[in-house]
Amino acid sequence: MTQRLHPFRIIALIACLSASLITYAQTKNDYTLWYEKPAKDWNEALPIGNGRLGAMIFGRVKEELLQMNEQTLWTGGPVNPNPNPEAHKYLPQVREALFKDSIGQAVKLLRKMQGPNTQMYQPLGNIIIKQNANGEATNYYRSLDIANAIATTKFTIDGVDFTREYFTSAPDQVMIIKLTASKKNTLNVSFKVNNELAYQISTDTNKDLILKGKARITNDERRNPKPIIFNDANNCNGMRYEMRVRVVKTDGTVTTDSLLNITNATEAYILVSAATSFNGIDKCPDKDGKNEVAEDLKYLNAASTKSYESIKTVHVKDYTKFFNRLNLSINNLPAINLPTDKRLQLYKDGKEDLGLEELYFQFGRYLLISSSRPGGFPANLQGIWCESIRPSWRSNYTTNINLQMNYWLAEQCNLDEMTIPLMQHIQRMAKNGTATAKNYYNMRGWAVHHNSDIWAQTNPVGEGGGDPKWANWAMGSPWLSQHLYEHYLFTNDKKFLKDTAYPLMKAAAEFCLDWLVEKNGVLVTAPSTSPENVYLHPNGFKGTVTIASAMDMEIIWDLFSNVIEASKVLGIDAPFAKLFAEKQAKLNPLKIGKKGNLVEWFDDWEDEDPQHRHVSHLFGLHPGHQISPLIDTNFANASRKTLEIRGDGGTGWSKAWKINFWARLLDGDHSYKMYQELLKTSTLNNLFDTHPPFQIDGNFGATSGVAEMLLQSHLKELQLLPALPSKWSKGSVKGLVARGNFEVNMAWNNGQLTQATITAKTGGNCVVRTKNAVAIKGVTVTTKKEVVSGVAYYINTFKTITGKTYELNAME
């Protein structure tokens, strides 16, 4: 018997089906960057990467440009562990000059303690795809789907629809290109390769198009270019590289000359692979390097046995297992259906676009997954994407904020595996840094200064002419040690703490013990800087070097706290921990200045630039845990005043840091204002952050800042929605991670938490702080209420079991 549906039921059924379709469309659109025209320059190209191999996709129609990078392609070779054997002689003189307020003399002496600059990250090469087609393109579309890590370009010429699809597979370590035409035998393309390095082009019997050559043996910079030299008399420096382009499958004809040609095809499946001769930080990349040809072919030959569908399926599965861990929905609104560059311009003009804010948050996670994978190296100043042989700031590892900012998001945004390259490179820097501490200062432990590179250089840079305000900054090892301990706090991995983190933290603390000197009954650092900033001394001169900058004191306080706590967790080194507690108590204390600000220098001096981009003296607020409105309102208020004086301007990464600062001050609306400022004034059309020029740390720092608005755990408790912006009155987040290895899902409405779940991955005590009362199911809870600065909090404490999920619901 046929049953007729009531008209209202039909309408309801259609509505349900439509809703499901709309949900799918929104999901796809929400996480896709798309455009109606090709990139006009590198800053509009779209990045793809598998941690090692990166590409910038321009989306040009008749001459497509793919700018390629390989993570290990750098200039130079292994570091000299003692490049300035006389350096240690000057440290006592520097300190004597500083204690006499002879700052100019101290600067001159510090320049004598400098060593070579770091090496430079280099572009691998360009792939140009020339398409032979008559007529102008219509229906143009290019996109980057960050939910699946796939870039696409589509257009129509003379009635034929052409599609190009690109992705870089981490499991297969190659880039994949799929070209298709809607009409048979209308696809005619030629591949060309080149770069700015020394190179040769060839083809082989497999019809591979091959680009090979060498990187430069030395470094320079655009402001001070040096001769470009590729050959080393000792056959040590000068990394070799090779890139191959191979047509794996096509229904057309493949030929080679100086180009790789595909004619009369309907589709083509192409692989790109690359490798360098890099063989470790202590091996000459030339004479002791790996066989880059064998490495390149290893990747390419293995991938060539697999179908396009197979490689794509594995790629998407691999990528989404990371990306899909965290989902954010702000006000549950659909994305605005406009190209990303137009959305960004409207946003800059003042139009609200919460979907763009959500997309930008997830774009930071996409970039980290794409540029930092286990087995590789950390993301540098530009991640893995670099077009210039003289990149800004050498595209290196800048360790006075930028490298660290790259990884703030990783643990809390459920990407702890992506920190592995940083952890491993810290170990490399510790090895070279041990020599630096000994040779430069006759001190124990390990030291890292302002810059590093793939070779794990750790000496003061500047080559005798650098300004000590950046070149001689020496607090790299204690700051990097924070990341080691944070990894333990987020994962509860005691084996990592015992075998890796604690020995490195302890050695960095030993360096700090030797670096500290006593003055007027307190311990100070001398020399000391507040990175890249300049003060106005009351005696009428401008100074860059001082003693006991607030940043130094806060970084050392943070390290000593973590070492003391780690020794208790491991049940070892009690006398050593006692010594650190004693020294910590003698550190030069933080001070509040005449303007109500946190004092940055040894004394309450004015800044040459009151709105300087660095706000280093708020390290104790973020990423440290020394300052908080929940600990001491006086220092929290001084931090607030400092930020008010500094203003809301600055470079892209500076704004990103301020997002985190304001979130830690529990001011969600000001944190959100900085997030908006970053998008409006420091974001390129491809959503890259700009200093200017492009620096990836701003992307990463902004994503971290959003996570800090929603969840904080640095004070040994899970603070839910600590700095929720009033504009984000309704929403949900799934998959944030708190210290203690707790995974947190939350929903909120009218600015108030409505429901949350907390999964205890490794068990243990859980303390939850909320602004409204909550009921926690299935567990005994101790609850207390406290008021801080007029805000009421509910503090809930309960014991958790490994693997169990606990549900929290707002009480009426």
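Trainee: How many helices and strands are there in the protein chain?
Mentor: The model is a predicted one. Its elements are of two kinds, and the protein chain holds 19 helices and 34 strands.

Trainee: Why is the protein chain described as being as compact as a globular protein of its length?
Mentor: The C-alpha atoms fill a box of roughly 85 × 80 × 50 Å along the principal axes. For 812 residues the globule rule gives 28 Å. The chain counts as compact as a globular protein of that length because its radius of gyration is close to this value, at 28 Å.

Trainee: What share of the residues in the protein chain is buried?
Mentor: A residue is termed buried when its relative accessible area is under 20%. Among the 812 residues of the protein chain, the buried share is 61%.

Trainee: What percentage of the contacts with a separation of 6 or more is made by residues 24 or more positions apart?
Mentor: The contacts considered here are those in the protein chain with a separation of 6 or more. Of these, residues 24 or more positions apart account for 71%.

Trainee: Which residues touch the most other members of the largest nonpolar core?
Mentor: Nonpolar side chains tend to be buried together in soluble globular proteins. The largest nonpolar core here has 230 residues, and helix 13 (residues 494-515) gives the most to it, with 13 residues. Another core, of 12 residues, lies apart from it and includes Tyr-299 and Ile-311. In the largest core, the residues touching the most other members are Ile-127, Phe-191 and Met-746.

Trainee: With which residues is Phe-191 in contact, leaving aside neighbours within four places in sequence?
Mentor: Phe-191 belongs to the largest nonpolar core. Beyond its sequence neighbours, Phe-191 is in contact with Ile-127, Ile-128, Ile-129, Ile-177, Leu-179, Leu-209, Val-245, Leu-259, Leu-260, Ile-262 and Ile-270.

Trainee: What is the geometry of the aromatic pair formed by Tyr-31 and Phe-323?
Mentor: The count of aromatic pairs comes to 35. In this one, Tyr-31 lies in the loop between helix 1 (7-30) and strand 1 (32-35), while Phe-323 lies in helix 5 (residues 308-323), 292 residues apart. Both Tyr-31 and Phe-323 are buried. With centres 5.6 Å apart and 90° between the planes, the pair is edge-to-face.

Trainee: Why are the rings of Phe-363 and Tyr-366 classed as they are?
Mentor: Phe-363 and Tyr-366 are three residues apart in helix 7 (residues 354-371), a separation of about one helical turn. Phe-363 is buried at a relative accessible area of 0%, and Tyr-366 likewise has 0%. Planes under 30 degrees apart count as stacked. Because the ring centres are 6.0 Å apart and the planes stand at 15°, the pair is stacked.

Trainee: Which residue lies over the face of Tyr-793?
Mentor: Elsewhere, Lys-591 lies over the face of Phe-602, at 5.8 Å from the ring centre. Over the face of Tyr-793, at 4.9 Å from the ring centre, lies Arg-769.

Trainee: Which strands stand at the edges of the open sheet 25-26-30-33-32?
Mentor: This sheet consists of five strands with mixed pairing. Strand 25 is joined to strand 26 (residues 718-720) by two bridges, and the two run antiparallel; Leu-711 has Leu-720 as its bridge partner in strand 26. Each edge strand has a single partner, so one side of each is left without a neighbour in the sheet. The edge strands are strand 25 (711-712) and strand 32 (782-788).

Conventions
Residues are numbered from 1 along each chain as its sequence is written. This is a predicted model: local features need pLDDT of at least 70, side-chain atom pairs count only at pLDDT 80 or more; totals for chains, interfaces and linings use all residues. Side-chain values use heavy atoms; hydrogens and water are left out. Two strands pair if DSSP finds at least two bridges between them. Helices (H or I, at least four residues) and strands (E, at least two) are DSSP runs, numbered from the N terminus. Rings of Phe, Tyr and Trp (its six-membered ring) pair if their centres lie within 6.5 Å; planes under 30 degrees apart count as stacked, over 60 as edge-to-face and the rest as tilted. Buried means under 20% relative accessible area, exposed over 50%, partly exposed in between (1.4 Å probe, protein chains only). A charge sits over a ring if NZ of Lys or CZ of Arg is within 6 Å of the ring centre and within 35 degrees of the ring normal. A nonpolar core is a set of buried Ala, Val, Leu, Ile, Met, Phe, Trp, Tyr and Cys residues joined through side-chain atoms within 4.5 Å. Contact means heavy atoms within 4.5 Å. The radius of gyration is taken over C-alpha atoms; the globule rule is 2.2 Å times the number of residues to the power 0.38.
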